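Here are my notes on the model, as promised. Have a look at the structure first, then read the points alongside it.

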Amino acid sequence: MGYTAEDCARSRLDFPALQAGDTGAPLAYLDGPGGSQVPNAVIDAIRDVYVHCNVNTHGHFGPSREVDRRMQAARRAVADFLGARDESSISFGQNMTTLNYALSGAIARTLSAGDEILITELDHEANRGPWLRLAERGIVVREVRLQESGELDTTDMAAKITARTKLLALGGSSNALGTVNDLVLARRLTREVGAWLVIDAVHYAPHFPLDVEALGVDFLLCSGYKFYGPHVGILYSAPGALARLPTDRLRTQDPAPPFRIETGTLNHAAIDGVRAAIHYLAGWGRGATLRERLVDAMTGISAYEHGLATFFYESVGGIPGVTRWGPSFAVAQRAPTVSITLRDHRPDAVANALGDRNICVWNGDFYAAKAVEVLGLASRGGLLRTGISMYNTRAEIIRLLEGIEAL
Ligand SMILES: Cc1ncc(COP(=O)(O)O)c(C=O)c1O
């Protein structure tokens, strides 16, 4: 059956932020690519940690044993969410950016001057900045070209992956343009030369089922607050990959994966919240195991979001003066994120006018600054971005269209 409009109406009851109406029109949260709202299950899980096991891990008393159990359960849930066999593949951190800096710093120590790494013009700065700084150590950083269509030039990618290439850092999906990159091709090309493949799945993970083992990625990062959980960064490392890296860590820290890259005390309550978010998502799917329910749920939610985004993309294209950026919805895979510009209004003015109608959308470059620059939009205030989440409705899209039309 998939995930239907009726399911969406039911899911909305689980998100207290969507009920918090005061005066005026209800808030339409169309800012999912910036961060999603959380269901009660997540809020309850966080509270529960503070009530029952707000202590450090690895102690010989009940609450500490309990927090150990919950951290392990969270790693298991994330492993199921990403398609990883082993919980020891799942490390946690403050957010994706911080984890990616830790990863790039460790990988840098294994490289030599003259080695090459490849990033893209489409990626969020969080998957560019940590790699660009490696140029300071004599490592050559090359960039895959972004085309005007909003898609990466895969011929350029293939040409830039050579025997000198040690790593490709690539986004699963663009948080600015909704483009979904060809990860299978990226894996094939990097494998041919023995280069690492690092995927930023922050914008991909909320919208598509993931299977890290089928993809064969070396590292994949995502962020709990984009898929209905709290602010926690997540790093998947392929079995054996993290153990080889000279990470920054204390002498007293457990050097085994997944702890090898986890510095300091983790945010246990938030991590349990991530577990709760994953179980919440699985509740919308069918199957005998958590993994099966997750894949089923994410497949259904993906199709639902795609339908609404297509409706918005097609309708907004009919409004005079609107330009749509990024690939059309005719491509094989497309995230439900639509960015536009208006002929006579800067994106910040449009976001402001929509904000006055309690419609929450973002404007600017969303840290996909290079892509916005390449598209020639940096001096024009960037883009106006609408993102669809599992709790968004057709009625909200119609309100958004009316708001844009009114301008
Ligand atoms: C595609 C993408 N990558 C990385 C990030 C950074 O994630 P975090 O805020 O967890 O550091 C974001 C955040 O917006 C993003 O959209």
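1. Which side chain does the side chain of Asp-272 make a polar contact with? That partner is the side chain of Arg-70, at 3.3 Å. By polar contact I mean a pair of N or O atoms within 3.5 Å; within protein, one must be able to donate a hydrogen and the other to accept it, and residues adjacent in sequence count only if both atoms are side-chain atoms.

2. Before going further, the ground rules. This is a predicted model, in which local features need pLDDT of at least 70 and side-chain atom pairs count only at pLDDT 80 or more, while totals for chains, interfaces and linings use all residues. Residues are numbered from 1 along each chain as its sequence is written, and side-chain values use heavy atoms, with hydrogens and water left out.

3. Back to Asp-272, which sits in helix H10 (residues 268-282). Helices here are DSSP runs of H or I with at least four residues, strands are runs of E with at least two, and both are numbered from the N terminus. Asp-272 is buried, with a relative accessible area of 1%. The cut-offs are under 20% for buried, over 50% for exposed and partly exposed in between, using a 1.4 Å probe and protein chains only. A second polar contact, of 2.7 Å, joins the side chain of Asp-272 to that of Arg-275.

4. The Asp-272 and Arg-70 pair is worth a look on screen. In sequence they are 202 residues apart, yet their C-alpha atoms are 6.4 Å apart in space. Setting aside neighbours within four places in sequence, Asp-272 has contacts (heavy atoms within 4.5 Å) with Ala-45, Val-49, Arg-70 and Met-71.

5. Arg-70 and Met-71 bring us to helix H4 (residues 62-82). H4 has 21 residues and spans 30 Å from first C-alpha to last, close to the 30 Å expected at 1.5 Å a residue; that expectation is 1.5 Å times one less than the number of residues. Among the buried residues of H4 are Ser-64, Val-67, Arg-70, Met-71, Ala-74, Arg-75, Ala-77 and Val-78. When you read that list, recall that an α-helix has 3.6 residues a turn, so residues three or four places apart point the same way. Just after H4 comes Gly-83, with a positive phi near 85°.

6. Now the ligand. Its surroundings (residues with a heavy atom within 4 Å) are Asn-95, Met-96, Thr-97, His-124, Ala-126, Asn-175, Asp-200, Val-202, Ser-223, Tyr-225 and Lys-226. They divide into 4 nonpolar, 5 polar and 2 charged. In that scheme Ala, Val, Leu, Ile, Met, Phe, Trp, Tyr, Cys and Pro are nonpolar, Asp, Glu, Lys and Arg are charged, and the others, Gly among them, are polar.

7. For the ligand's polar distances, start with Lys-226: an N or O atom in its side chain is 2.7 Å from a ligand oxygen. A polar backbone atom of Met-96 is 2.9 Å from an oxygen atom of the ligand, and a polar side-chain atom of His-124 lies 3.5 Å from a ligand oxygen. Taken alone the ligand exposes 390 Å², of which the protein buries 89%; the areas are Shrake-Rupley values with a 1.4 Å probe.

8. Two more aspartates deserve a glance. Asp-7, in helix H1 (residues 5-12), is buried at 13% relative accessible area. The side chain of Asp-7 reaches the backbone nitrogen of Thr-4 at 3.0 Å and makes a polar contact with the side chain of Arg-10 at 2.8 Å. Asp-156, in helix H7 (residues 154-160), is buried at 15%, and a 2.9 Å polar contact joins its side chain to that of Lys-160.

9. Finally, some backbone geometry to check. Most residues other than glycine have a negative phi, and most peptide bonds are trans. The bond from Pro-257 to Pro-258 is cis, with omega near 5°, and Pro-258 belongs to the loop between strand E8 (233-237) and H10. His-58 has a positive phi near 65°; it is in the loop between helix H3 (40-52) and H4 and is exposed, at 63% relative accessibility. Asn-358 also has a positive phi, near 60°, and is found in the loop between helix H12 (347-356) and strand E11 (359-360).
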